[in-house]
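Colleague: I'd like to learn how the words people use for a protein model are backed up by values. Could you take me through this one, term by term?

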Amino acid sequence: MTEKEFVSICRKYVADYYGLKHYSANDIYVVWLVKVLQNNKALLSTTNADGMYFECTYDGDKNKLYFDAYKHQRNRWVYLNK
């Protein structure tokens, strides 16, 4: 599976999650992408302000795609002592 095919499939799953029939790459974008041997993984997000992000993992050995949806709960920062 090419990178382009994989990203297209991932975007479709994110669109299906929201019930979208039409979307663009500006609506659903890739945050991080990696391919190792026959496996692919991507983290995606959308322009929606709902705190959701998505993980797609393709297992090339089993020809399976895993789709996970996560909700961002909290963001905090701390000072680190050196």
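Modeller: Sure! From the N terminus on, the elements of the protein chain run α-β-β-β-β. That is one helix and four strands. This is a predicted model, where local features need pLDDT of at least 70, side-chain atom pairs count only at pLDDT 80 or more, and totals for chains, interfaces and linings use all residues. Residues are numbered from 1 along each chain as its sequence is written, and side-chain values use heavy atoms, with hydrogens and water left out.

Colleague: What makes a stretch a helix or a strand?

Modeller: Both are DSSP runs, numbered from the N terminus: a helix is H or I over at least four residues, a strand is E over at least two. Strand E1, for instance, covers residues 28-36, and strand E2 covers residues 39-46.

Colleague: How do you know that E1 and E2 pair?

Modeller: Two strands pair if DSSP finds at least two bridges between them. E1 and E2 have eight bridges, in the antiparallel sense, so they pair. One spot to look at is Trp32, which stands opposite Leu43 in E2. The hairpin of these strands has two residues between them, and Leu37 there takes a positive phi near 55°.

Colleague: And what joins E2 to E3?

Modeller: Six bridges, with E2 and E3 (residues 52-59) running antiparallel. Leu44 has Phe54 in E3 as its bridge partner, and Ser45 stands opposite Tyr53 in E3. This hairpin has five residues between the strands, and Gly51 takes a positive phi near 75°.

Colleague: Which strands are called edge strands?

Modeller: The four strands form an open, antiparallel sheet in the order E1-E2-E3-E4. E1 and E4 (64-71) are the edges: each pairs on one side only.

Colleague: Why is Ser45 called buried?

Modeller: Buried means under 20% relative accessible area (exposed is over 50%, partly exposed is in between, with a 1.4 Å probe and protein chains only). Ser45, in strand E2, has 13%, so it counts as buried. Leaving aside residues up to four places away in sequence, Ser45 touches Asp27, Ile28, Tyr29, Val31 and Met52, where contact means heavy atoms within 4.5 Å. For the protein chain, 23% of the 82 residues count as buried.

Colleague: Why is there no bond between the sulfurs of Cys10 and Cys56?

Modeller: A disulfide is a pair of cysteine sulfur atoms within 2.5 Å. The closest cysteine sulfur to that of Cys10 is in Cys56, 3.2 Å away, so this is too far for a bond. Searching the whole structure gives zero disulfides. Cys10 is buried, at 0% relative accessibility, and Cys56 is buried with a relative accessible area of 0%.

Colleague: How do you know that the chain is more spread out than a compact globule?

Modeller: We set the radius of gyration, taken over C-alpha atoms, against the globule rule, which is 2.2 Å times the number of residues to the power 0.38. For 82 residues the rule gives 12 Å, but the chain has 15 Å, well over that, so it is more spread out than a compact globule. Along its principal axes, the C-alpha trace spans about 45 × 35 × 20 Å.
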